[in-house]
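Here is the note you asked for on this model, written as numbered points that can be read beside the coordinates. Please keep the structure open while reading.

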Amino acid sequence: MPSLPDGLVVVAKRECPTCTLVEPLLAELTADGTPVTVYVQDDPAFGRGATRVVDDTRLEHSFALDVEIVPTLIRVEDGREVERTYGWHRGDWQRISGRAGLGAALPEVRPGCGSLTLEPGVAETLAVRFGRAKFASRAVEIGAAEDPEEACFARGWSDGLPVIPPTRERVLRMLSGTTRDPGEIIGMVPPDLAPCTVEKVAINAVMAGCKPEYLPVVLAAVEAALIDEFGMHGILCTTMFCGPLVVVNGPIAQAIGMNSGVNALGQGNRANATIGRALQLVIRNVGGGRPGEVDRSALGTPGKYTFCFAEAEHPQWNPLSVERGFARGTNTVTLFAGEGVQGIVDQKSRTPESLARTFALCMRAVDHPKLAMAGDALLVVSPEHSRVFFDAGWSKARLLEELTALLQLPGDEMVVGAGGIAEGLPLSMKGTRVPKFRPGGIQIVRAGGSAGLFSAVIAGWAASGPVGSTPVTKEITT
Amino acid sequence: MHDIAEFESRSIPGVGVASTEFVPAAAAQAKSLGIDPKMVFVPHPIQDRTDEELRTLAEDAVERIVEAITARS
Amino acid sequence: MNGPTVLLDPTAELAPVARALSARPPSLDGKRVGILDISKARGNVFLDRVDELLAGRGITVMRYRKPTFTRPAPAVLVQQIAAEVDLVVEGLAD
């Protein structure tokens with residue numbers, strides 16, 4: 001930082017009534033030959049009577065001096081700050097300037113105003129402009145004739161929808177959403193197994209459209225996706241449908257405004273939309289997993305743009321986080337290799353037994369009604385449907401028990417050739433009862449609007465379990 | 001150059017042919033477009049040349065044109 | 001902001017910053033080459049000769065002309081060319 005001019009330094013802005021109040025004192029302060037330098041944040045015509053007025057509309061000096069409140073008065077000796085005060089306090093100004101009787105006609109005390117360096121969003125702009133912000137990621141200069149939006153498309157950074165161009169200011173702002181060091185390596189992202197830092201996640205979170213307060217959730221989702229048993233590499237390379245689906249539990253969901261209600265699995269909520277998308281962009285951009293290259297999914301699913309929602313937690317049912325071993329009230333993300341949303345319409349069942357049978361029958365269709373022990377299932381129970389279970393005192397565990405029993409299926413119906421269908425289970429399964437899902441293969445969450453006797457099953461990757469992908473849950477930290 | 005950049009973005013390899021007068025402008029445009037398309041430059045002038053001279057320029061340039069759009073360059 | 005827009009690279013930085021050009025084929029064999037005339041005077045003489053030379057090698061050449069050299073080629077023409085050729089030669093700018 002360049003050394004300060006000796007004498008007195010005043011940082012002010014015309015817009016501040018207290019600065020205007022003390023302006024006449026400048027002439028008084030210079031009267032005995034003391035050099036007085038004024039840095040003005042807005043109007044260079046301010047500061048009559050000072051030895052020198054510096055136009056600081058670029059805020060370079062205010063930023064370097066860490067000014068938070070104007071007016072700020074600093075006494076400088078030998079190029080170094082000795083003492084400072086801010087606002088107008090007669091006693092302080094008299095002492096620091098060494099002029100007894102200064103401002104005798106003024107009120108004793110007046111508070112100052114906020115420095116322009118602290119206007120919302122300005123701090124990051126200044127940090128970048130004056131070189132205080134250091135990034136490990138490569139800077140990419142966009143051509144003068146390029147639209148930054150098009151530039152992101154042209155460089156292959158987009159998932160097909162527009163992304164927010166990741167400027168340094170935006171990334172800096174995003175990084176304020178976590179206390180973690182930007183250089184911290186979270187893990188190696190498949191398929192390229194490139195190291196992913198907090199900074200890289202922040203860049204992709206900016207592109208996805210996240211707010212800084214979403215970043216801890218995104219970081220947890222990326223970390224969860226990199227857990228070995230989640231099998232992210234396989235999920236990416238498969239010719240099947242799936243993509244990582246994120247369920248959020250805990251008070252953070254409401255704190256950041258996530259949606260667990262009407263249209264929970266659909267569009268319209270920024271947190272839902274952008275958190276899921278940020279994860280996908282990290283996989284695409286950091287991991288190198290792109291459709292047509294490593295991503296060979298035959299059909300895919302719209303959920304591969306983004307698939308993230310919060311569970312509608314209810315006192316009568318354990319949230320998914322508790323089912324997965326965390327204390328109630330812990331903020332968690334659970335990742336599931338999910339396909340699409342298959343709607344379940346049941347507007348007549350009033351008993352838990354009948355509704356559970358509906359669910360079980362619809363869940364048979366995961367992968368194929370004649371296949372078993374392949375894909376997992378995520379059952380999303382709507383509030384109206386969940387009430388049927390609450391009224392009967394059924395916990396999630398009770399429902400799970402019922403579904404498991406109902407989903408012991410007759411092997412005879414499922415073997416190859418049965419029903420005139422070539423697909424199916426090996427003939428050795430004839431005469432046995434076959435569980436549709438592997439142990440632990442059914443997850444249950446509650447979500448959705450309060451009007452609608454509809455639930456949904458989201459099928460998991462047909463290689464669910466140790467052969468492919470197992471759901472994982474990670475705590476969200478700041 | 002804009003057109004070549006557009007074709008490149010559609011996975012169609014392209015080359016622009018211009019007179020040597022265009023060299024500095026092409027460099028500036030590449031910087032401002034954020035992409036450096038292949039260019040083949042032929043000696044200025046163009047307008048004043050006879051048909052025979054222009055055909056000779058084409059014969060001199062054709063190998064470079066082919067190289068610019070195949071993997072040999 | 002002053003100066004050019006700077007973005008931070010969201011990728012693993014395994015590829016160079018400069019935008020890569022499309023992959024080139026090993027040769028012109030079996031490829032259709034489009035010649036796009038930018039409509040500057042005299043350019044057609046040059047391009048006609050390039051056309052003859054390529055056709056003489058047995059390469060399929062298709063000819064196109066944009067309405068004016070002062071503007072980028074219209075979208076419809078770009079789409080047509082992109083559908084009909086594998087490679088493009090555009091000229092003659094002076």
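The points below take up the chains, then the sheets they form, and then the nonpolar cores.

1. Please bear in mind throughout that this is a predicted model. Every value quoted here is therefore a computed one, and local features are described only where pLDDT is at least 70.

2. Chain C is a good place to begin. Its secondary structure consists of 2 helices and 4 strands, and, read from the N terminus, the elements follow the order β-β-α-β-α-β. The radius of gyration of chain C is 18 Å, whereas the globule rule gives 12 Å for 94 residues, so this chain is more spread out than a compact globule. Along the principal axes, the C-alpha trace of chain C spans about 50 × 35 × 25 Å. Of its 94 residues, 28% count as buried, and 73% of the contacts in chain C with a separation of 6 or more join residues that are 24 or more positions apart.

3. Chain B has 3 helices and 2 strands, which alternate as α-β-α-β-α from the N terminus on. Its C-alpha atoms fill a box of roughly 35 × 25 × 15 Å, taken along the principal axes. Of the 73 residues of chain B, 42% count as buried, and residues 24 or more positions apart account for 50% of the contacts in this chain with a separation of 6 or more.

4. How many residues does each of the chains C and B bring to their contact? Chain C gives 31 residues and chain B gives 38 residues. On the side of chain C that touches chain B, α1 (43–56), α2 (75–84) and β4 (87–93) of chain C each supply at least two residues, and the largest share, 7 residues, comes from β4(C). Sorted by class, this side of chain C has 21 nonpolar, 3 polar and 7 charged residues.

5. The two chains also share a sheet, and it deserves a careful look. Five strands in the order β2(B)-β1(B)-β4(C)-β2(C)-β3(C) make up an open sheet with parallel pairing. Its edge strands are β2 (38–42) of chain B and β3 (60–65) of chain C, each of which pairs on one side only, and the twist from one strand to the next averages 20°. As background, strands of a sheet pair through backbone hydrogen bonds, either parallel or antiparallel.

6. Where do the chains meet within this sheet? Strand β1 (residues 14–19) of chain B pairs with β4(C) in the parallel sense over 4 bridges, and Gly14(B) stands opposite Val88(C) in β4(C). Within chain B, β1(B) and β2(B) pair in the parallel sense over 5 bridges, with Met39(B) in β2(B) as the bridge partner of Gly16(B).

7. Helices from both chains lie against this sheet. Helix α1 (residues 2–9) of chain B lies across β1 of chain B together with β2 (32–37) and β4 of chain C, and runs at about 170° to β1(B). From chain C, α2(C) packs on the sheet and touches β2, β3 and β4 of chain C, its direction making about 155° with that of β2(C).

8. Chain A has an open sheet of 5 strands in the order β3-β2-β1-β5-β6, and here the pairing is mixed. Because β3 (52–55) and β6 (80–86) of chain A stand at the edges with a single partner strand each, one side of each is left without a neighbour in the sheet. An antiparallel pairing over 5 bridges joins strand β1 (residues 7–12) of chain A to strand β5 (residues 72–77) of chain A, and Leu8(A) stands opposite Arg75(A) in β5(A). Helix α4 (residues 90–97) of chain A lies across β1, β5 and β6 of chain A, running at about 160° to β6(A).

9. Chain A also meets chain B, with 7 residues of chain A in contact with 5 residues of chain B. The residues on the chain A side divide into 5 nonpolar, 1 polar and 1 charged.

10. Which residues have the most contacts inside the largest nonpolar core? This core has 108 residues, and those with the most contacts inside it are Ala205(A), Val218(A), Ala221(A), Val222(A) and Val246(A). Helix α9 (residues 215–225) of chain A contributes the largest share, 9 residues. Apart from this core lies another, of 38 residues, among them Met1(B), Ala5(B), Ile38(C) and Ile81(C).

Definitions and conventions:
Residues are numbered from 1 along each chain as its sequence is written. Chains are lettered from A and ligands numbered from 1 in the order in which they are written. This is a predicted model: local features need pLDDT of at least 70, side-chain atom pairs count only at pLDDT 80 or more; totals for chains, interfaces and linings use all residues. Two residues are in contact if their C-beta atoms, placed from the backbone, lie within 7 Å. Ala, Val, Leu, Ile, Met, Phe, Trp, Tyr, Cys and Pro count as nonpolar, Asp, Glu, Lys and Arg as charged, and the others, Gly among them, as polar. Two strands pair if DSSP finds at least two bridges between them. A nonpolar core is a set of buried Ala, Val, Leu, Ile, Met, Phe, Trp, Tyr and Cys residues joined through C-beta atoms within 7 Å. A residue is buried if 20 or more other C-beta atoms lie within 10 Å of its own, exposed if 12 or fewer, and partly exposed in between; C-beta atoms are placed from the backbone. Axes are lines fitted to C-alpha atoms, for helices over the stretch in contact, and angles run from 0 to 180 degrees between N-to-C directions. The radius of gyration is taken over C-alpha atoms; the globule rule is 2.2 Å times the number of residues to the power 0.38.
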